[in-house]
Amino acid sequence: MSFVEYGDTIKDGDTAIVFLGHESMFPVKVQHGTVTQTKYGVIRHSTDLIGKKYGSKVTCSKGGWVFILHPTPELWTMNLPHRTQILYSTDISIITMMLELKPGSIVCESGTGSGSLSHALIRTVAPTGHLYTVEFHQKRAEKAREEFREHGVEHLVTVTNQDVCKSGFGVSNIADAVFLDIPSPWEAIGHAKSALKAEGGRICSFSPCIEQVQRTCLAMEEYGFTEINTLEILLRVYNVRTISLQIPDLGKAAEDNSSTGFDSSNPSHQGSPCANLQQGTVQFKSGVPLREVVGHTGYLTFATKNLV
Amino acid sequence: CLNETGLKIQKIIFEKQWFYLDNAIGHVYGTTFEVTSGGNLQPKQEVEETSTEAKEAGTDNRNIVDDGKSQKLTHDDIKALKDKGIKGQEIVQQLIENSTTFRDKTEFAQDKYIKKKKKKYEAVITIVKPSTRILSTMYYAREPGKINHLRYDTLAQMLTLGNVHAGTKMIVMETCAGLVLGAVMERMGGYGSIVQMYPGGGPVRAATSCFGFPREFFDNLHEFPLSRVQSLLGGTFSAEPEEMPLLEEESNGLSEEKQQETEEEPAEISPAEEQDTMDISAEELNCLFCCSKVRDKQIKQWERRKKLKEAAALLGEKNADGLIVASKFHPTPLLLSLLEFVAPSRPFVVYCQYKEPLLDCYTKLRERGGVINLKLSESWLRNYQVLPDRSHPKLSMSGGGGYLLSGITVLLEQGRAGCGTSEPPKLEEPSSKRCKLQDLPC
Ligand SMILES: C[S@@+](CC[C@H](N)C(=O)[O-])C[C@H]1O[C@@H](n2cnc3c(N)ncnc32)[C@H](O)[C@@H]1O
């Protein structure tokens, strides 16, 4: 297993995802002789995990079962230990596309934070690209390095422990893209520009507040970036539900015993097995929005550096 | 750097503009050109956007009356200017001078006015390097019907949800002019393999060819006809033609033509294509080549059969690393059969312009089993105007970019697959409450 290469069977040292049910899962480091507790009982790594196929159903000691999944950057994002606020897959998707990332791309990022975005970036630029990620919090930088090693991607990433606003990315004229998720991105635009290739590249900055965006856009303009564009992307998730609605009783026309006008004037549910007019209900499938959703993560500002 | 020899002598017609690309060769991507009379491109000198001369501007719009008479130049006047060969830049200047309200407009409104007029009268084009970003935004803006209204941010979600990356074996089924295929190819960078499932006579790759991929990218791109999926799954598949070869050829040709209708390109450059058709008709005229033509046909057929066998073998291993569907067809039958080719613990994602078919697909997949973490979603995209003290969401936004159903495959229980005894599907998944984990290893 590695985060950039699928494997079929679970091996000692892998990071696997234990899936308990919808949205309920956690990562586990597979280790001979270790056991993991779940609400369905114990999972014994040596007998229950190692050598099994990814995607297998594993029965825990109390009889309940879980699925063991191969890690992906997306599953990692959903399950990683938070050391900071993190970026989620919806934002990550548009960042990756709008920065035009692909295998071979060289990317600079700051801050590393919890490494949520980093894992996704590494996946996309592998096997020939590289991520240079800068984090001024020493513990976080170290922890990120450790995770990259455990996930088999350390050769694709360099973690630098410094202040990006003061010292930049530690590289110059090599990046195809730069990404910023720090409180004062406008202070790093100059460094971003010099990290980008001479022939140009793309930049993106993520900020929760519009005031940050304004200062960042001004800085981008000042440094000659073009195509400056700010956007926001939101995910709408729908639960699939079978709903039944009651048919109101509107009484009957005097001589007419063919029931209400509803069913006869509505051919769409004629013969539909879901309509049960005897009981006075109609059943249908619906995608129901969640009661409360994430309404804002941050603004994404993209821009292009051109050859000058 | 632009160096396609195929660009030579191509006349490009785009938005009432026409020009030749000859002069673009040798320039770097991102260069902006002016179209001169005669359709030649001339690199545009960078002119300072906001001229330093103090502009006179109003403070609000109390004196602006929209009576349609504010512009003193008539259409005929403008046409006369154009005919005289006056440059777009000068025409815009004249429009400003002849606008009675320009000076009363606020500075912001003036900028807006100039931008609008510039776009209309200055024949300026910028040549950019093709990418998924460029092509998917262009298709969505100009030809949404050809890509089933798949918005670019939705495509972006698909690539991430599908964990598309180098070195994987992907199955792609799309009717989006080859845009989705191209996006997947870009993300795989030539590493790994792709099987494109196609309806009708052959795969459509009009948009794919616009990415400018190196030739090697196509070495590991295979295609397999949807109409043979059931036979492949049922074990009766054979790469030998089912009917008389000639007949098959004919029917293929027909459906291919039909597809062409919906697959036409928006002013895109496809070098060599015209050359090709020329050659063929010339060949047909010349009887001497008749024999070689028949032989060529046989060789082509043999090659096609070989590729078909390869694609069938790739699918038959049933170990694909992901499935990407974005088509005009009902997703349920596609998913129910194509998922058979995917390894366990791999992501799949299906796009549909409408929500309802995905509701059905969700239900059927639940009944089938072998999939978890099913998620029906849609993304909203909002663009912003950002200016000091004048930042706000743009006035208009896209009303919808389509829907996605995504999930992860797991090992199907023995006996569950294919057999008709539908024991009630083990209810959903375990309860969704996160449990307390004493031994959380991370
Ligand atoms: C919100 S987190 C980034 C989260 C990350 N994008 C992810 O997905 O996990 C911001 C990080 O930037 C770091 N940071 C803030 N200012 C910085 C600076 N000037 N130089 C380097 N790192 C900085 C913080 O320590 C923090 O870890």
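These questions and answers concern a predicted model and the reasons for some of the terms applied to its chains.

Q: Why is A:Cys209 called partly exposed?
A: A:Cys209 has a relative accessibility of 37%. Buried would need a value under 20% and exposed one over 50%, so A:Cys209 with its 37% counts as partly exposed.

Q: Why is B:Cys210 called buried?
A: The relative accessibility of B:Cys210 is 9%. Buried means under 20%, so B:Cys210 falls into that class.

Q: How do you know that B:Cys210 is too far from the closest cysteine sulfur for a bond?
A: The closest cysteine sulfur belongs to B:Cys176 and is 14 Å from the sulfur of B:Cys210. A disulfide needs the two sulfur atoms within 2.5 Å, so this pair is too far apart for a bond.

Q: How many disulfides does a search of the whole structure find?
A: The search finds zero disulfides over all chains. A:Cys209, for one, is in no disulfide, and the nearest cysteine sulfur, in A:Cys217, is 14 Å away. The cut-off is 2.5 Å, so A:Cys209 and A:Cys217 do not count as a disulfide.

Q: What radius of gyration does chain A have, set against that of a compact globule of 308 residues?
A: Chain A has 26 Å, whereas such a globule would have a value near 19 Å. The C-alpha atoms of chain A fill a box of roughly 85 × 55 × 30 Å along the principal axes.

Q: What makes up the secondary structure of chain A?
A: Chain A has nine helices and 15 strands. Of its 308 residues, 53% are buried.

Technical notes
Residues numbered from 1 in each chain as written. Chains lettered and ligands numbered in written order. Predicted model: local features only at pLDDT ≥ 70, side-chain atom pairs only at ≥ 80, totals over all residues. Heavy atoms only, no water. Helix = DSSP H or I, 4+ residues; strand = E, 2+ residues; numbered from the N terminus. Rg over C-alpha atoms; globule rule 2.2 N^0.38 Å. Buried < 20%, exposed > 50% of the residue type's maximum accessible area, 1.4 Å probe, protein only.
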